[in-house]
Amino acid sequence: MWNTSEDYKVKVGLAEMLKGGVIMDVTTPEQAKIAEDAGAVAVMALERIPADIRAHGGIARMSDPKVIRAIQEAVSIPVMAKCRIGHFAEAQVLEALGVDFIDESEVLTPADEEHHIDKWKFKVPFVCGCRDLGEALRRVAEGAAMIRTKGEAGTGNIVEAVRHMRSVQAAIRRITTLGDDELVAEAKKLGAPVELVRYVKENGKLPVPNFAAGGVATPADASLMMQLGAESIFVGSGIFKSENPAARARAIVLATTHYMDFDLVARVSEGLGEAMPGLDIKEIPEEQRMAVRGW
Amino acid sequence: MKIGVLALQGDFAKHQEMLEKLGVEAPEVRLPAELKDLDGLVLPGGESTTFSKLMKETGIWDALRFFANSHPIFGTCAGLIVLANELVNQQVETLRLLDAVVQRNAYGRQRESFVGPVSLALDGDESTFSGVFIRAPKIVRVGSGVQVLGRHGDEPVLVRDGNILAATFHPELTDDTRIHAYFARMVDEARQSRGPAAEEDAPLKDAEGEIRSQRSAQQG
């Protein structure tokens, strides 16, 4: 590990426990129970799921603590919640509520267009989104204990998550081939600390678990992201915007665990009913795209 | 020696790293058939509710009960929870292979997770281990046949019940291989006392046959 403090070990440790699992967005205690019963490893407690945030417009903020508390009381698995990028006071509130993981998320309207939260100051671990390796390592440098792709949340369209995961994995592979004397220039290009670039060169992976998020809607989407190198799957709108959330949730959990067992992925994909209605990224005006938020 | 690691979910890769450091082959296990030829099994950390459901879905739940008759199993955190005989106020179904009552998330939420000292007594040697406790369970009560091998303060955190070894913390998240080495010795002893492999596979094959026929009955 590049940081050996006990606090960091405990934060990254929880991310390790979530590997190979599915984290589901939920807005009510009933949905949280459905997620837990389907085998989710954690839930993300929200007032509105990304598809509705997108449809609703306006400023998207941290959820009402009442919603988060109700969900915490309904399930025994870890409960995550989102704060706005740079909004450390929202993060302090979430920590006070006893949330298990904080997502500093581009799905909400950013509060700071220059700085992300200094995540070292918190006892609760953070997950942050990224589009490429430089962004991932900047978030790790700020103290994130888990990285996820941004994808394009609320679209049911996997294309952006694939782009981001491929970009991170290709950059990791390239860095493992660099000489020691090339690392400083590479760090400059990536906009990331050289000690993290060195970690990637020596270990061939990020210093923290790397999950997929943004646009997962089917069991095959989950298998695709796992095969591209994701270590777990976040599903936002994909479950509770579909026709049969309980069956789809269970199918995505099984497809994530057995992502290389294609017979099984085929079997669990059968008869799930309608997936969430999707959105072509090209139809979303540039200023409404969530993935470009964060720096 | 071959010690499988249940890889349905959780930090199974960390256990594989520990075992490989000790020169033990550590394949991933997801299906009942993959228990064949193994000398022991690790149930990693993760989410016990998820484990319990996924183990039932794949049929490995029943196969593991046969496996445990003659093969050592080591569970950490969620792994310990699914081994326990009884849980406090919880509806998670368990394998009932460890004579203990366990309380999930007994220290609280993630902000109450911590690193703390564990006093070990392995094979008569007393020493200290750095215990990583993450949303950890507590062992509330143990049966009379259970040995306490590690304590945090007064509380039992590493216990052995015959072929079962279980920790409420995560030795796999450290660089310290002592507890895994102890388990490997348990596995080696069990292997020697079992003798030739041939008779061993019989009950497992039966278990698989049973599952197959259950499945085809369900499908039919």
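**Figure 1. Leu87(B), a buried residue in a strand of chain B.** With a relative accessibility of 11%, Leu87(B) counts as buried (under 20% relative accessible area, against over 50% for exposed and in between for partly exposed, with a 1.4 Å probe and protein chains only). This is a predicted model, in which local features need pLDDT of at least 70 and side-chain atom pairs count only at pLDDT 80 or more, while totals for chains, interfaces and linings use all residues. Residues are numbered from 1 along each chain as its sequence is written, chains are lettered from A and ligands numbered from 1 in the order in which they are written, and side-chain values use heavy atoms, with hydrogens and water left out. Leu87(B) belongs to strand E5 (residues 84–87) of chain B; helices (H or I, at least four residues) and strands (E, at least two) are DSSP runs, numbered from the N terminus. Beyond its neighbours within four places in sequence, Leu87(B) is in contact with Ile81(B), Val92(B), Thr94(B), Val102(B) and Arg104(B), where contact means heavy atoms within 4.5 Å. Look also for Pro137(B): it sits 50 residues away along the chain, with 9.9 Å between its C-alpha atom and that of Leu87(B).

**Figure 2. Chain B as a whole.** Zooming out from Leu87(B), you can trace six helices and 12 strands in chain B. Of its 220 residues, 56% are buried. Contacts between residues at least 6 apart in sequence join residues at least 24 apart in 67% of cases in chain B. The chain exposes about 8,800 Å², with 43% supplied by carbon and sulfur atoms; such areas come from the Shrake-Rupley method with a 1.4 Å probe, and for residues, only the protein chains shown count as cover.

**Figure 3. Arg61(A), an exposed loop residue of chain A.** Here is a contrast to try: Arg61(A) has 51% relative accessibility and therefore counts as exposed. Its place is the loop between helix H3 (50–56) and helix H4 (65–74) of chain A. Not counting residues up to four places away in sequence, Arg61(A) touches Arg84(A), Glu90(A) and Leu108(A). The C-alpha atoms of Arg61(A) and Glu90(A) are 8.8 Å apart, though 29 residues separate the two along the chain.

**Figure 4. Helix H6 of chain A, largely enclosed by the rest of the structure.** Helix H6 (residues 133–141) is largely enclosed because seven of its nine residues are buried. The buried ones are Leu133(A), Gly134(A), Glu135(A), Ala136(A), Leu137(A), Arg139(A) and Val140(A). Their cover includes H1, strand E5 (126–130), strand E6 (146–149), H7, helix H8 (183–190) and H9 of chain A.

**Figure 5. Where chain A meets chain B.** In this view, 36 residues of chain A are in contact with 33 residues of chain B. The two chains bury about 2,800 Å² between them, 55% of it on carbon and sulfur atoms (buried area is the accessible area, with a 1.4 Å probe, that two parts lose on being put together, summed over both). On the chain A side, Val10(A), Met17(A) and Ser76(A) lose the most area to chain B, together 22% of what that side buries.

**Figure 6. The largest pocket, lined by residues of both chains.** This pocket holds about 1,100 Å³ of space. On a 1 Å grid over the protein atoms alone, a pocket is an open set of points with protein on both sides within 12 Å along at least five of seven lines, a cavity is a set where a 1.4 Å probe fits but cannot get out, and lining residues have an atom within 4 Å of a point. Grid points are joined across faces, edges and corners, and a volume is the space filled by probe spheres set on the points. The lining has 47 residues, with Glu16(A), Lys19(A), Lys205(A), Lys14(B) and Glu17(B) nearest the centre. H1(B) gives the most to this lining, with six residues. By class, the lining has 19 nonpolar, 13 polar and 15 charged residues (Ala, Val, Leu, Ile, Met, Phe, Trp, Tyr, Cys and Pro are nonpolar, Asp, Glu, Lys and Arg charged, and the others, Gly among them, polar).

**Figure 7. The second largest cavity, with a lining from both chains.** This cavity has about 110 Å³ of space. Among its lining residues are Leu14(A), Met17(A), Ile81(B) and Arg104(B). H1 of chain A and helix H4 (78–83) of chain B each supply at least two residues of the lining.
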